[in-house]
Amino acid sequence: MIFVLRQLRGGQQNQTLVDRKIDGQVLTIGRGADRDILINDSRVAWSHAEVRIERGDRFRLVVANEAPPILLNGAPSAGGKLKDGDVLSIGGTDITFRVFEDRIYIEVQAVRRAKDEGEKLLRAKARLSLEESGVSKRRWSWCLFGVILLLGLLLPVGVRYLPADVAESVPAPFTDIVWNSGPISDAHRPFAEQCDACHLQAFQMVPDTACTECHAAMPHHVADPTQMHAAGMEAGRCAGCHLEHEGPDGNILAHPAVCTDCHGQIAEALPASGQTNVTDFVAAHPKFSPMIWQVNASGVREEASTPWEPQLQEASALVFPHDLHMDPDGVDDRRGNAQVLECASCHVYEQGEVSFAPVAFEPHCQDCHSLEFDPLAPGRELPHGSTDAVVQDLRGYYARAVLEGRTFEEMATPGGPRGRGRSTAVNRPTGSPQEVAESVAMTFAEEAMRIRLCAKCHLVEPNPARDAGWDVTPFQQRTVWMTAARFDHSRHQATGCGSCHAAESSASADDVLMPGKASCENCHGGNTGGAERIASTCIMCHGFHEVDETPWLGYAHTLADVTKAASIESDGKDKPPNAPDD
Amino acid sequence: MSLHESFLTHARGRWIYRAAVLCLIAVGLYVWQDPKAGPNGGTWLGYGLGSVGLLLIVWLALLGARKRSYASRLGTVKGWTSAHVWLGLSLVVVGTLHTGFEFGLNIHTLAWVLMMLVIASGLWGVLVYRRFPSLITERRGNLPVEDIVREIADMDRQLLVTAAELGKDTHERTLQSIQRTQLGGGFWQQVRGVSERAGDGLMSRLRDELNKPVMAAADPQMQSRAGADGNATMMFVASAFVSGEQNARERETRRKLLDLFSRKKALVASLNADVTRRARMSLWLYLHVPLTLALLASLLAHVVSVFFYW
Amino acid sequence: MSAAARAAESGMTHVLLEAEAHLSNTIFRYQKGKHVMAEPGILPLRSPVGFEAGKREAILDVWDRGMADLKVNVRYQAEVTAISGQRGDFTITLAKGETVRARHVVLAIGMQGNLRKLGVEGEDLTQVQYQLDDPEAYSGETIIVIGAGDAAIENALALAEAGNIVSIVNRRDEFSRAKDGNNSAILAAIEEERVGFYPSASPKQVESLPAGHDSGKPLRLILNARDGEAEIYCDRIIARLGAIPPRKFVESCGITFPSADPTAIPAVSAQYESNVEGLYIVGALAGYPLIKQAMNQGYEVIEFIAGRPVQPADEPLLETVFARMPFGLSVDENLDLIQQVVPVLAPLTTLQLREFMLDSVVHCPRDGEVVFELNDYTNSFYSIVAGDVAIQIDPHDPQKTVVLSAGQFFGEMSLISGRRRSATVRAVGGKTVLVETPRRSMNKLLQSVDAARDVIDRSFILRAFQTQVAPGVSAEPLKPIIENSTLEHYKAGQALFSEGDPGDALYLIRSGSVTVSRDIGGNSVPIAYVAAGNYVGEMALVSDMPRMATVRAAVACDVLKVDGAAFKALMASEPAIRERIEAQYKSRLLANAQAEQRSRDGSMIGFLVSQGLGEATDVLLIDESLCVRCDHCEKACASTHGNVSRLNREAGPTFASLHVPTSCRHCEHPHCMKDCPPDAIRRAPNGEVYINDSCIGCGNCERNCPYGVIQMGAVSAAKPKLWQWIFTGMGLAPGTSVPYDKSSGTPKKAVKCDMCKDLAGGPACVRACPTGAALRLSPEEFMELAAERV
């Protein structure tokens, strides 16, 4: 039994047959080069099917599993018996079986149809991929691109250059507000939405003029900036330190670098300043130098800032043992009642609790320290504050006593002045009553100053220029010791005075009771602070903009400084600026 | 190493390392730096990261062009894709550090959001590309789509021929159903899955009908029901088929017709399923690309505005 | 006629005896309106009568007027029946009994008087014609034209034109005998299916069918076609098999023929004088069918007779050819030299040789200069005129060589099998002079001069044997083998031998290729693919066991069957050969075992092999688990190759997510190369199979490629604008495959993958794959791949 493969060539019109005899029991069909029936059609598997001869004239069609279905007489077939006249359709090819007694003719006819209308239609109708679905990435892309470019760039720029009145009428999302990079500081809220209030020129950094327009009174860092500029130290733009869009108080920089950029190298860069380099409060910061009184070589008392050291002494010209006065059991007042004193008994805040009011005699000392001088005249006290006044008062007193006819003895009776620890024997004065009165007054004046009254608290020195020949060295009281830094006592109340000022143990008024840097460091770390210490950067104690008086208060600007505030208000664009922060 | 090396691990993961290094450098600098006003886009690092990010984004966007300049010898597209993916991911770090974590309702944050969205969609793309190719391969035969269409067209042809033998109205019905045949569909239809008119449900129902011929033939509202759904023709053929009074040859033809129908439906269904799978595989691009353009626009606005109001 | 014209011109007494009532019968009987060509174009015309390519009518007109103007003495209806006598006194007897006496006779009768028949049963049926006067006379008929000459081609084309269904039958698969014009014309027609084509088919039988036969045709032609026995029903058969010399008549004139071969033609001197002095022969009978040549000869012969020495028209051309010859000889001397020295060219007439040389090139390579390298893809033929060449038989050892000396030739292996060079050939001694002849003109020679073919065939056997089986063995000991070897032809699918047959012979594959398959579990599993130039069947000889595999011809094969006994004897005498064979035996045993193993478990290899990757040198494989169907591979191909993609990603089978797209595998022995008339399909040094510009668009390769990776298309210059498209979507998208546009007028040509050999950085398809799914692999590599996939 042999297969005769009969290729029907050239479609209907030019039809010729090519026969090929194939011996063997199997006829292979597929796209593979080595198939008996080679069908070059992508719809056909490389090895698609086989026709096998079983016992004589029985034929079986075997279709490969993964192969696309074969049609046997138009119906899909997974294989099976074949009989004469059966037609197999694989892809675009029909294979007809013609069985004769000695041979099987297998007519292979390629049904090569040109794309017909139906197919064209079907394909035209079919949309088999997202591309074909008509939705275009490109279109969407451009739409989004356009919208964002419009809202994000074109409108903001455009609106900015519109005449002001028109620009105002443009609602928020279509203005340059969309460029706002972050919340404006509280101080500047009032004009938060007027970008051009600060950004004067496009593509130019915010100039200082934008700031000084309002902050006209703002002093420089140092009185004479030129020397700094000479040293190549530009103070930089206002906005260099005062960043905006950084939150409510983001525009005041606490960062040490703000100062240390210059002060870290100021010794080299600006020797004239005589300053040492400072980079960190703990690591690199000079000793405190309180202002204290000192007697210089020529014996003149003068103020000098003196590097702090333990038991630092000054020439205070005062006799005031803190320890005695702060005796917890109290000290007797003139009536002998014990009074318990504490710091606040004498030291009273002033100026926003940064510094203290000076301690004065009348309010603070007089309760205990009486200036009576004549037992016969209780309540009669000498004046405080001027030695001339004291002398005048005594002259007057004794002149009247003489006129009233009191005798010398009466005046000098033990009940009298002499009674109280008189040291010098007083010779009985002679002469006219005026002379007597004069000499008694002088005697007692000297006695009062040198021994009985003034010398208790004051330094009393002989002074021929004075009538009494003695004088009280004046005592200037100090309220601010550290003039370059701001120390806000109110924030330190919790710690108690003693923790910084060793008053309880101070026996002399010459003790400088100002704390040293070390005691600050108990709580205040350097720039980074640390585990249990407060991060303390420069501006915590030091201000930047120099203020002539009260530098220790730093610069805290007030509405008054902001010359423009009024104008802003009057513009009526916004509510007036809130109270400045200090 | 596999001969087929995925773009993810291109050149033994060269770009994974490079992207990682980039991120580490960025994070390192970010941690190390200590700007006066705290980290933000305006510090030197901010400008640095910003520029790097911008350049990266522009370069990444150029993949579309490189992919299509086929004659280009500038590295292989695979290499580019690999770099695209990994450097793109590294933007999450670079871009976010550039912001200094200062976000707000403004064009600048919009740019960041868009960037993250683009990256997210890209990530989705990568996942899809790992999953779907095999899926598509599993589900479909070796037939090119165009050939399936050709096959369906052939079937339509056969259907009409066969139907013609069964008289005018059968032919008309067949014609109608052929005209109703839907291959693929609109965007969402493709993505959601083209509604297949020939469900198995129908075939089983059909078989039931065949089993109880009399009723099926008689039952008028079955006709109407058939008329209602897209399978009117098959129901019609079926009902006529079971109504009994016709000769063997006609029976045979009808059986053949039904058979053709079911095969066609199956083919159409599988084609549509394939269309859907391919649609879902490429869906992400319809986000990725437009978002990228949006990103570019917002970046333009961002950069200009930043220096416009310096 | 030309002779007479010249005679008249130069005032000789002459008479032109014309058998018919009109002049130049041959042209006269050309089909009406036939376009007559003036080949060979390079040859100058020297006849007094004008002649240039044109319509039959025009030419006849020119001639008639020319003859009239020259007052040529013509005697019509004067058919010559006999010529007797010798130089100075010839007697010519005419049919009417009259006689003419002449001093010289020029025989210019050609052959048309004596057409060649089919030579098969039914050759004389009325519907079997050997002439076609007017193609317009037929239409709507199914007509088979047999023959591959110009006449056959022109008839076929004209008939098709006239609305007939025409098929042309060619004994070979190339139309190499035809003029170039006709050649490309017919190939184009075949490609466009205006004409059916039966290559390498020869008529077996013609039977006339009873009227009302269901084919509705009066004739059935049975052919032995390449792929089997073809049965064609037709109305008419037109056989244009050329003509054979009217031998009886010619011999009656005392002229002798060199061979008994019916096609043989009388030998003539360079002056066209036959062995009968004074009796000259020109034209087809002298071996020169071409009109222009014949006319020139007519002119020249008169010159000779008049004693005026004249150089043949092609003299200057030949001079340039021979310019390279070192001996400083004249053209004639050179020709003589070559003919004396080179036996294979001996059978040629001087005139054939002249033409042969026209196409050839003379080389004088220096000592050691390489003529061609092993595995080169050239296929020209070399004859050694002087000096020696050394053929290196062991690719690894340049010392092992066979020296060929003057008179021998080489390069015929590639010439015949169309394969790579099987060995490297170097010139030695520095005195070497070679004549290189291009494949086409060599084929022409082989087909027209059987004697030459025999010589070459014989030496092919020897060489094949020497290179493949017995390197370094001199011709002597191989003699018995050669004698006992037969050249056999196998049709596609035919078995050389089957599993279990006794091993009685060794097979050397001369052309084509075979598959080795084993019956495993009831179905035959191909385990190897053996290509031309190799041998099979040695295993049984070595092991004395029955055949352990079946070997089938994959395509039509010429196979050299070597007698087993003789071969064993050889192995006994030549231990070297034995070793070699046994080594080969062992390696094959191993290879087969592995192949079986693979094929059995249906693993990747099985799949790959079934995809024809067994014969591939480089194949594109797509990992579908990575492929995102973006088709950038196709687009890249299109955009880098004139907007015609040579790759169809989607089409093609997939196995275990490994996809073999429809793209060229660059087969070891490309099927497409087998049958390319202009030799346009070439192999680049790196093995890329590509098509050069000389493609004529015949579509043979497309048909021959079993993987359907060659298509007919026209490259276009369209340059898609990338950015314009990206931004606007307008214009051509990059990588679009521009469909063929008939109106453009550019002809379709064969296009196929060239592995981007001209692009730096390798194949564009792979470079363009974004996911790394596309990969080009060499065989070694996909073994590796299979290993990793299994």
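A residue counts as buried here when its relative accessible area is under 20%. The model I am reading is a predicted one, and I began with chain B.

**Entry 1: chain B by itself**

With that cut-off in hand, I looked up how much of chain B is covered, and 53% of its 310 residues count as buried. I then went through its secondary structure, where I found 14 helices and 0 strands, so that entry needed no note on sheets at all. For the accessible surface of chain B I noted about 13,800 Å², with 65% of this belonging to carbon and sulfur atoms. I also checked how far apart in sequence the contacting residues of chain B are: among contacts between residues at least 6 apart, 74% join residues at least 24 apart.

**Entry 2: chain B against chain A**

Next I turned to the interface with chain A, where 63 residues of chain B are in contact with 55 residues of chain A. Between them the two chains bury about 5,100 Å², and 64% of that area lies on carbon and sulfur atoms. I asked which residues of chain B lose the most area to chain A, and these are Lys36(B), Phe308(B) and Tyr309(B), which together account for 17% of what that side buries.

Lys36(B) came up again when I looked at charges, since its side chain meets that of Asp261(A) in a salt bridge, at 2.9 Å from N to O. The count of salt bridges between chain B and chain A is 2, and I found 18 residue pairs in polar contact across this interface, with both residues at pLDDT 80 or more. As for where the side of chain B comes from, the elements giving two or more residues to it are α5 (107–139), α6 (145–165), α7 (168–180), α8 (187–192), α13 (248–283) and α14 (285–308) of chain B. Of these, α14(B) gives the largest share, with 16 residues. By class I wrote down 35 nonpolar, 13 polar and 15 charged residues on the side of chain B that touches chain A.

**Entry 3: chain B against chain C**

I then made the corresponding notes for chain C, where the contact takes 34 residues from chain B and 46 residues from chain C. The area buried between these two chains is about 3,000 Å², of which 61% is on carbon and sulfur atoms. In chain B, the residues that lose the most area to chain C are Leu3(B), His4(B) and Tyr70(B), and together they make up 29% of what that side buries.

I looked for salt bridges between chain B and chain C and the count is 0, although 14 residue pairs are in polar contact there, both at pLDDT 80 or more. The elements of chain B that give two or more residues to this side are α3 (63–68), α4 (77–99) and α5. The side of chain B that touches chain C divides into 15 nonpolar, 12 polar and 7 charged residues.

**Entry 4: Lys517(A)**

Is Lys517(A) buried or exposed? I found it at 14% relative accessibility, and because the cut-off for buried is under 20%, Lys517(A) counts as buried. Lys517(A) is in helix α15 of chain A, which covers residues 517–521. Its side chain makes a polar contact with the side chain of Glu521(A) at 2.7 Å, and the side chain of Lys517(A) also reaches the backbone oxygen of Val282(A) at 3.4 Å. Setting aside neighbours within four places in sequence, I listed Phe281(A), Val282(A), His285(A), Pro286(A) and Phe288(A) as the residues in contact with Lys517(A).

**Entry 5: two places in chain C**

I looked at helix α1 of chain C, residues 2–9, and noted that 7 of its 8 residues are buried. Those buried residues pack against β1 (16–17), α3 (56–70) and α7 (291–305) of chain C. Just after α1(C), Gly11(C) takes a positive phi of about 65°.

My last look was at Val371(C), which lies in strand β19 (residues 370–372) of chain C. Leaving aside its neighbours within four places in sequence, Val371(C) is in contact with Tyr382(C), Phe410(C), Val425(C), Arg426(C), Ala427(C) and Leu434(C). I also took the separation of the C-alpha atoms of Val371(C) and Ile391(C), which are 20 residues apart along the chain, and it is 9.8 Å.

Key
Residues are numbered from 1 along each chain as its sequence is written. Chains are lettered from A and ligands numbered from 1 in the order in which they are written. This is a predicted model: local features need pLDDT of at least 70, side-chain atom pairs count only at pLDDT 80 or more; totals for chains, interfaces and linings use all residues. Side-chain values use heavy atoms; hydrogens and water are left out. Contact means heavy atoms within 4.5 Å. Buried area is the accessible area (1.4 Å probe) that two parts lose on being put together, summed over both. A salt bridge is a side-chain nitrogen of Lys or Arg within 4 Å of a carboxyl oxygen of Asp or Glu. A polar contact is a pair of N or O atoms within 3.5 Å; within protein, one must be able to donate a hydrogen and the other to accept it, and residues adjacent in sequence count only if both atoms are side-chain atoms. Helices (H or I, at least four residues) and strands (E, at least two) are DSSP runs, numbered from the N terminus. Ala, Val, Leu, Ile, Met, Phe, Trp, Tyr, Cys and Pro count as nonpolar, Asp, Glu, Lys and Arg as charged, and the others, Gly among them, as polar. Buried means under 20% relative accessible area, exposed over 50%, partly exposed in between (1.4 Å probe, protein chains only). Accessible areas come from the Shrake-Rupley method with a 1.4 Å probe; for residues, only the protein chains shown count as cover.
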